[in-house]
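Got your viewer open? Load the model and get ready to click through it with me.

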Amino acid sequence: MARKAPPENPFPAGTIVTGDDFADRQDEVALLRDELRQGGRVFLLAYRRFGKSCLIHETLRQLEAKDHALTAYVDLYRANSERELWELFANALLAASRSPLKRLLEWATGFARGFRPRFSIDPQTQQPVLTLDAPRSPAELADVREWALELPPKLAQKRERPVVVAFDEFQEIRAFDGVRLEKTLRAAFQSHRGVGYLFAGSKPHLLREMAQEGHAFYRFGRLMELAPVTEEQWAPYLTARFRTGSVDVAPAVVRAIVAGAEGIPYYVMRLCRALWSRGVRAGSLSEDDVRDVFSELVAEGDQLFAEAWDALTLAQRRTLAAVAEGRGHDVFAERVRTAYELGPSSTVARSLGRLQELSFVAREAAQARGGVRYRIVDPLLRAWVLRGRPPVTGGERRTQGAQESTPRRRARKTGRQR
Ligand SMILES: Nc1ncnc2c1ncn2[C@@H]1O[C@H](COP(=O)(O)OP(=O)(O)OP(=O)(O)O)[C@@H](O)[C@H]1O
Ligand SMILES: [Mg+2]
């Protein structure tokens, strides 16, 4: 008898997911759609792996399908210079226009001043692809910039449809020409009618700064901070997906998955993806399975985490450990600094600054306590830091989330100290 093929793993991890694969976040999509189709501007702030890029793609998909908008997605991580940024920007907008090729090229070339855009045709998509030569002077780059920045409003006018441009990892713009470019962009975007702009980034402290008083994007749009997805929101999605492989997951198991992954989409999906074959074999999953598989993921990350740990100073390591052990809300308190040998507050502030730059630590408003709270961004890194750490003396015991108590060989080798 022919064996039935095992059911396909329904948990995509690490790719862009939209449509049916996209879990919840309906409120966020609705809000973004509403704002952007009316030519609004939104700053979307979220730490790594919270699902920004998926949310952007899903929002653009719905804007096209339901609001007849023309949408362009520009990922700043793909641009290594300002010239490359304008290439990406122009190509995304030309692709969005979906106009007959010849007319599109005539139109786009028609308002270029000081340079002549060169296009080739992508044989697969039949789309025009713009290639810009390296600019020989700032004036030449300025011509290109001016031309590119006219594309969105001119397109909106020509096609009589809303245009929406989404920049992913927008904070990277600062690497090119710093403040000057930011100011130029603000001035241009501000004059664009019928064009919505989304500025997303995974370094919230940088994006927030760009939108602060005294900076180029002050009062330019609303700030939207993406939170993890709650257990109630995950439950129907996860249960239904496990059911496609006849895998029973009790509410307590869903809770364990979401708690381990801290509700962060990437980690939830990774954990579920890794749990899948176990579940299909056994017909159900237990909390022990979740704990085992989570530990396996932490172990998989060992080399990367150890390299990152090696690159930190002792003061930064101690601060990271204190945050891992749940001291993120009172890390500046004297008893915590003493218990964890953190030194003066100025040293803690410097360490936290560096850990934020590295995207290891997030700084957030603490809801209950009214102050701020620091949190390790990656739940796997947090578990890795906690592994094998003896409880801290001085009255501050580990609070939660300790994964294992086996001492780690690597920790000794890297000379970890508390
Ligand atoms: N709404 C969602 N439903 C299901 N899975 C999701 C959702 N959002 C994100 N994911 C999962 O999380 C992964 C990471 O999502 P995404 O790339 O959108 O995050 P990001 O915030 O842009 O991350 P990065 O900061 O690394 O760019 C996706 O590959 C997918 O597996
Ligand atoms: Mg992303």
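Here's a short walk around the ligand site.

Keep in mind as you go that this is a predicted model.

Start by selecting ligand 1 and showing its neighbours. You should pick up 21 residues around ligand 1, and the closest include T15, A23, R48, K52 and C54. Colour that shell by class and you'll get 11 nonpolar, 5 polar and 5 charged residues.

Next, go for the polar contacts. Select S53: an N or O atom of its side chain is 2.8 Å from an oxygen atom of ligand 1. Then click G51, where a backbone N or O atom lies 2.9 Å from a ligand 1 oxygen. Now jump along the chain to Y266, which has a polar backbone atom 3.3 Å from an oxygen of ligand 1.

Switch on a surface. On its own, ligand 1 has 630 Å² of accessible area, and the protein covers 92% of that. The spot you're looking at is the second largest pocket.

Which elements give two or more residues to the shell? Select α2 (52-67) and α10 (265-282) to see them.

Last stop: colour domain 1 (25-225) and domain 2 (231-300), since each gives the shell at least three residues.

Key:
Residues numbered from 1 in each chain as written. Chains lettered and ligands numbered in written order. Predicted model: local features only at pLDDT ≥ 70, side-chain atom pairs only at ≥ 80, totals over all residues. Heavy atoms only, no water. Near = heavy atom within 4 Å. Polar contact = N/O pair within 3.5 Å; in protein donor to acceptor, adjacent residues only side chain to side chain. Areas by Shrake-Rupley, 256 points an atom, 1.4 Å probe, with all protein chains shown as cover. 1 Å grid on protein atoms, 1.4 Å probe; cavity = no way out; pocket = protein on both sides within 12 Å on 5 of 7 lines; lining within 4 Å. Sits in = over half its atoms within 2 Å of the grid points. Helix = DSSP H or I, 4+ residues; strand = E, 2+ residues; numbered from the N terminus. Nonpolar A, V, L, I, M, F, W, Y, C, P; charged D, E, K, R; others polar. Domains from an automatic or database assignment.
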